[in-house]
Amino acid sequence: MRNSTITTSSRRLLIACAALASIGFASLTQADTLEKIKDSSSVRIGYANETPFAYTALDGSVTGESPEIVRKVFERMEIDTIKPVLTEWGSLIPGLRAGRFDLIAAGMYITPERCKQVLFTDPHYRLLDTLLVAEGNPKNLRSYEDIANNPAVKIAIMSGTVNLGYARKAGIKDSQILQVPDTTSQLQAVRSGRADAAIGTQLTMKGLADKAGDDVEAIADFKDDPSRAGYGALAFRPQDKALRDAVNAELKQWLGSEEHLKTIEPFGFDRSNVTDKTAAELCGA
């Protein structure tokens, strides 16, 4: 009995020590990424080509609303170098968690499901969606429901986006959905007739329409649930809370300032896109 008591006590002590060690290691890991970024004065950002959020410009540089915000915020943190890492949209979160880059700067929407996988800053924009269709909108498509009600209609959706869930919830069958890796593929699908419409943010679809000329258009009267407005933010690994908090503190001071508005203006954003929502609210915390 005495030996059993000693063994149980020892076991409890070992468990307690292990728990303390785990907490200490987690804290060290959190600080490590932030300290490594400070020491090297460089940070790696993951992005997927999607105008105007994050994309490779004609001169090979990486720009867009999110990379430019990152550049300004990290300048305030005295970090000089931004190292972009291009990947497909659906690989952003896996790539972040695998350590390919330090944060996602791609205009990623905050959703409760994504909040289980990454840490978000508070959002730096609010935006609604619309459809990209052939010029003149020959199928008269103005909502998810219009597509669901016509089984012959196909819609191009970028893999890994929230729009896939919205489409299915509206009753659009998988046989009507063409999943593609990026927005260029969405445009090509509509132009070639492989899809009757593509779905994405108002700014993205308008940008695609402007690039394509007279072949396609972004409809101005898309009917959607206002609760589906997208709130975009930067995303970090769950263990990098210290880094996320440091960036979030800078964002809170900077968002809505004249410098912020001047930074996002070239990408079609303005004060109407600025929001006071928090990541905690949008994550359902």
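User: Where does Asn140 lie in this model?

Analyst: Good place to start! In this predicted model, Asn140 lies in the loop between strand 8 (129-134) and helix 5 (144-148).

User: What makes the phi of Asn140 worth pointing out?

Analyst: Its phi is near 55°, a positive value in a residue other than glycine. Most residues other than glycine have a negative phi. Glu78 is another example, with phi near 65°. You will find Glu78 just after helix 2, in the loop that leads to strand 4 (81-86).

User: Why is Glu78 called exposed or buried?

Analyst: Set the value against the cut-off: exposed means over 50% relative accessible area. Glu78 has 66% relative accessibility, so Glu78 counts as exposed.

User: And why does Ser175 get the label it has, buried or exposed?

Analyst: The same reasoning works here. Ser175 has 51% relative accessibility, and the cut-off is over 50%, so Ser175 counts as exposed. Look for Ser175 in the loop between helix 6 (162-169) and strand 10 (177-180). Its C-alpha is 7.9 Å from that of Lys154, although the two are 21 residues apart in sequence.

User: How do you know that the span of helix 2 fits what is expected?

Analyst: Helix 2 (residues 65-76) has 12 residues, and from first C-alpha to last it reaches 17 Å. At 1.5 Å a residue, 16 Å is expected, and the helix comes close to that. Its buried residues include Ile69, Val70, Val73 and Phe74.

User: What makes Phe74 stand out in the largest nonpolar core?

Analyst: That core has 50 residues, and Phe74 is among those with the most contacts inside it, along with Leu131 and Val247. The core draws at least three residues from each of domain 1 (33-126 + 231-284) and domain 2 (129-227). Leaving out residues up to four places away in sequence, Phe74 touches Ile37, Val43, Ile79, Ile82, Leu103, Leu243 and Val247. In soluble globular proteins, nonpolar side chains tend to be buried together.

User: How do you know that the bond between Thr51 and Pro52 is cis?

Analyst: Omega is the clue: here omega is about 5°, and the bond is a cis peptide bond. Most peptide bonds are trans. Pro52 sits in the loop between strand 1 (42-47) and strand 2.

User: Which residues are closest to the centre of the largest pocket?

Analyst: The largest pocket has a volume of about 340 Å³. Of its 18 lining residues, Thr51, Pro52, Tyr55, Gly207 and Lys211 are the closest to its centre. Helix 8 gives the most to this lining, with seven residues.

Key:
Residues numbered from 1 in each chain as written. Predicted model: local features only at pLDDT ≥ 70, side-chain atom pairs only at ≥ 80, totals over all residues. Heavy atoms only, no water. Helix = DSSP H or I, 4+ residues; strand = E, 2+ residues; numbered from the N terminus. Expected span 1.5 Å × (residues − 1). Buried < 20%, exposed > 50% of the residue type's maximum accessible area, 1.4 Å probe, protein only. Core = buried A, V, L, I, M, F, W, Y, C linked by side-chain atoms within 4.5 Å. Domains from an automatic or database assignment. Contact = heavy atoms within 4.5 Å. 1 Å grid on protein atoms, 1.4 Å probe; cavity = no way out; pocket = protein on both sides within 12 Å on 5 of 7 lines; lining within 4 Å. Points joined across faces, edges and corners; volume = space filled by probe spheres on them.
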